[in-house]
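Visitor: I'm new here, and I'd like to know how the labels people use for a structure are earned. Could you show it to me and take my questions one by one?

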Amino acid sequence: LVVRKDMPFNAEPQPPDLVKHYITPLPFFFCRSHGPLPDLDDNHAIEFAGIGLRKPITFTVDQLKRQFPKKTIVMALQCAGNRRDGLHRVKHTKGVIWGPCAVANAKYGGCRLKDVLATIGITCQLKDIGKLHLAFESVEECEEDVCYGSSIPLSKALDEFGDVLLAYEMNDAPLTRDHGAPIRVVVPGYIGARSVKFLKSITIQDEESVSYFQRKDYKILPAHVDCEKQADAYWCKVPSIGEYNVQSYVCDPADGVLADDDAEGQRIVKGYALSGGGRGIQRVDVSADDGKNWIEAQLFQPQTDPSTTNVWSWCLWTVSVHVRRNKRIVCRAVDSAGNIQQEYPVWNYRGVMNNSW
């Protein structure tokens, strides 16, 4: 992995390695940390509290494994700062300077959060459900706050087809510490910041999490905001990011650029594409001449769950194009809602959601 920050550890794979497998093996899976990794086991307990509950209720990881049926989902996990380096080249951004590989595709196993909530009496019958949120807190300590925290709308967790999991497995093996062992939330279709690792508590409340990472991070600030002092006036005005936007990237050749020992001419080009909110990829166009001409790529995005139309996984694509030196290969994806990547970067201070081609 290419280390983007030593302490806490943040790293991503090389682009060609990322697209070698549809299900990303651990050695090629990016690591995103906000602090020291805790060492927990299946006796670790998660507390549920808040609106609709008379008193807090706890489940150990072992109880969740034994008392609730396991569901598996294949899901892309993408950091909101994926491809921040492209925005950082335009103007200084705040955050870990990720390349294009802070994204991966994994098979997660765990119990549906919806099922656990139903057991303690939290269902869609709860009053004013559209105004309520689930706030997650982690054992993970971090420099910006007491601990890592985030939240999602309660309606997302209670959605029959929302597939929010309390996950304890990844790629048919127990979670590792780098990826949140022994238990984490996984929120398909949402930015990775909402899939909280080392989960310690879930609170039903009538506002978003008060965590730094929900209130003062992972937001697309206006382009004229370029420092912390200016950002302070906007954190409370700008909504938190939930679903991620449509995205694709050329990974082989790396960054769409021929290496010195690569020959010009016809070659196979590979990359990934994905979109949030359960939207699949409809098309990926690839250009080897600065967007003057486009060729449609072949897509690989198998349906992994026949019980739903939601697509949580990424799409891997390949295409044969004529490549030339000093000409970067670019791509643009179109999702099932017709959303398409834009040509030029939209700079923002936090450097999030860059999906320019």
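Guide: Sure! A salt bridge is a side-chain nitrogen of Lys or Arg within 4 Å of a carboxyl oxygen of Asp or Glu. Keep in mind that this is a predicted model.

Visitor: What makes E228 and K94 a salt bridge?

Guide: Their closest N and O atoms are 3.1 Å apart, and the cut-off is within 4 Å, so the pair qualifies. E228 sits in helix α7 and K94 in the loop between α3 and β6, so this contact ties together parts that are 134 residues apart in sequence.

Visitor: Why is E228 called partly exposed?

Guide: Buried means under 20% relative accessible area and exposed means over 50%, with partly exposed in between. E228 has 31%, and K94 has 26%, so both land in the middle class.

Visitor: How do you know that K91 forms a salt bridge with D226?

Guide: Same test: the closest N and O atoms of K91 and D226 are 3.2 Å apart, and the limit is 4 Å, so they pass. K91 lies in the loop between α3 and β6, and D226 in the loop between α6 and α7, so the bridge links parts 135 residues apart in sequence. Both are partly exposed, K91 at 35% and D226 at 32%.

Visitor: What about D217 and R350: are they buried or exposed?

Guide: Buried. D217 has a relative accessible area of 4% and R350 has 5%; the cut-off is under 20%, so the label fits both. Their side chains meet in a salt bridge at 2.4 Å, N to O. D217 is in the loop between α6 and α7 and R350 in the segment after β19, so the pair joins parts 133 residues apart in sequence.

Visitor: How many salt bridges does the rule give?

Guide: The count comes to 24. Some residues are linked in a network of salt bridges: R112, K114, D115 and E160.

Visitor: What makes β7 and β8 a pair of strands?

Guide: Pairing needs at least two bridges, and β7 and β8 have five, so they pair. They run antiparallel, and F136 has S150 as its bridge partner in β8.

Visitor: And how do you know that β7 pairs with β12?

Guide: Six bridges join them, in the antiparallel sense, and the minimum is two, so that settles it. One of the partners is Q205 in β12, matched with H133.

Visitor: Why is β7 called mostly covered?

Guide: Five of its six residues, 133-138, are buried.

Note on methods
Residues numbered from 1 in each chain as written. Predicted model: local features only at pLDDT ≥ 70, side-chain atom pairs only at ≥ 80, totals over all residues. Heavy atoms only, no water. Helix = DSSP H or I, 4+ residues; strand = E, 2+ residues; numbered from the N terminus. Buried < 20%, exposed > 50% of the residue type's maximum accessible area, 1.4 Å probe, protein only.
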